[in-house]
Amino acid sequence: MSKYKIQTICLHEGALEDPINKGAISPLYMSTAYQFNDVKEKRYPRYINTPNQEGVCKKIAALEGGEHALIFGSGMAAVTTSLMSHLNSGDHIIFFNDLYGGTRNLIKKEFSNYNISYSFAAGSSLDDFKACIKENTKGIYIESPSNPLLKIVDMEAISDLAKSNNLWTMIDNTFASPINQNPISFGIDLVIHSATKYLGGHSDISAGAVIASKKHIDKVYELAKNLGGTISEFSAWLLERSIKTLPIRVREQNKNALELSCFLERHPQISKVYYPGLVSHEDHEIAKKQMSGFGGMLSIEISSKIDPSLFLKNLKIVKPVMSLAGVESTANYPKLTSHFSLTQKERDDQGISDHLIRLSAGIESIEDLKNDIDNALKTSLHES
Ligand SMILES: *Cc1c(COP(=O)(O)O)cnc(C)c1O
């Protein structure tokens, strides 16, 4: 446990000293080859123990209140390595039904090759998860808030259920970021981040992280060395630099997302807004219990009178991009991007309609953001 508060952790935890030049920031060590004589620990990038990698791991572990962290070259490397290190042939796992598209793809395409079976909980209630438990179930994997519908799962309830059935729990905490939600404090065992998103925050690095107790991290680490989803030294260095501003970025993103949600909820061309900070959100009370801020992500259902592709094209500030969580506001069309590989039926079952747009609030002026979206809606009516 770090003795510092979160803003101080972001700045100083895991920072490397510059003993030669006494510079103020962590030096970047690009070396991939380190002497092995006279040292207990052999340093090598794939072992996730080079100086810059170790520094970031320390910072991220402290941010989530975990004993240890490992970093990877992408969020999916963190997801894959965490899952596969905790599952063996013949095991069964329970997933929440609203998942990042890449994770769902991994499950659908690969799990049967490894003789791992799975169930998707029908909803977010405890009974939905309970109903899926089998004799060979080993763990529960959730996202909260989820992608793209911002559904909320009660972490404490899931963790209690898991513990009483001798199961481990994993959460993809990417959407919340460690500023808004710390799942370990609710009993979740392993916390995963696509650090490409909020932790990086500037849309310029690809990275992933997992945070857990030593017992769980040791398991992930053994597989990580063999799978090799290694992060580059430069990305590790940039990640450490980026996390310094995480609390102030996320606070602004929370604020803009909440204001946008309230504005769009009243907009005549918007039929529904999904944002856990809205009183109208079906799990607002659970979100209030477990989140200290409601995040920068929201999704909107635009009127069927609006052409979604034209709407995205007519946005001037909000950029239509594949990713999210940068300081710049972005929009995404799940049907054509993150959830493209799903069948129409799978999208329908998940509630991902053809008029669903996901927004990632940046840190621009809220007035400019409101005007940009309002103008794009007004100029994107279907010709009829
Ligand atoms: C982007 C994302 C991932 C995958 O991360 P990559 O860095 O793209 O590999 C996993 N989960 C969530 C919720 C994401 O948004």
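In the predicted model, a nitrogen atom of the ligand is placed 2.6 Å from an N or O atom in the side chain of Asp172. Two hydroxyl-bearing residue types, named here as Ser194 and Thr196, also present polar side-chain atoms to the ligand: that of Ser194 lies 2.9 Å from a ligand oxygen atom, and that of Thr196 lies 2.6 Å from an oxygen atom of the ligand. The ligand taken alone exposes 380 Å², of which the protein buries 91%. The shell around the ligand comprises Ser74, Gly75, Met76, Tyr100, Asp172, Thr174, Phe175, Ser194, Thr196, Lys197, Ala207 and Leu324. By class, this shell contains 5 nonpolar, 5 polar and 2 charged residues. Asp172, Ser194 and Thr196, whose side chains supply the distances given above, belong to this set.

An open sheet is built from 5 strands in the order β8-β9-β12-β11-β10, with mixed pairing. The edges are occupied by β8 (270-274) and β10 (319-320); each has a single partner strand, so one side of each is left without a neighbour in the sheet. At the β10 edge, pairing with strand β11 (residues 330-332) is in the parallel sense and extends over 2 bridges. Within this pairing, Thr330 of β11 is the bridge partner of Lys319. Helix α10 (residues 246-265) lies across β8, β9 (297-302) and β12 (356-360). The helix runs at about 15° to β9.

Backbone geometry was also examined. Most residues other than glycine have a negative phi, and most peptide bonds are trans. Against this background, the peptide bond joining Ser144 and Pro145 is cis, with omega of about -10°. Pro145 is situated in the loop between β4 (137-143) and α6 (155-164). A cis peptide bond also leads from Asn147 to Pro148, where omega is near 5°. Pro148 likewise has its place in the loop between β4 and α6.

A positive phi occurs at Lys22, a residue other than glycine, with a value near 60°. Lys22 is located in the loop between α1 (6-12) and α2 (51-64).

Technical notes:
Residues are numbered from 1 along each chain as its sequence is written. This is a predicted model: local features need pLDDT of at least 70, side-chain atom pairs count only at pLDDT 80 or more; totals for chains, interfaces and linings use all residues. Side-chain values use heavy atoms; hydrogens and water are left out. A residue is near a molecule or strand if one of its heavy atoms lies within 4 Å of it. A polar contact is a pair of N or O atoms within 3.5 Å; within protein, one must be able to donate a hydrogen and the other to accept it, and residues adjacent in sequence count only if both atoms are side-chain atoms. Accessible areas come from the Shrake-Rupley method with a 1.4 Å probe; for residues, only the protein chains shown count as cover. Ala, Val, Leu, Ile, Met, Phe, Trp, Tyr, Cys and Pro count as nonpolar, Asp, Glu, Lys and Arg as charged, and the others, Gly among them, as polar. Two strands pair if DSSP finds at least two bridges between them. Helices (H or I, at least four residues) and strands (E, at least two) are DSSP runs, numbered from the N terminus. Contact means heavy atoms within 4.5 Å. Axes are lines fitted to C-alpha atoms, for helices over the stretch in contact, and angles run from 0 to 180 degrees between N-to-C directions.
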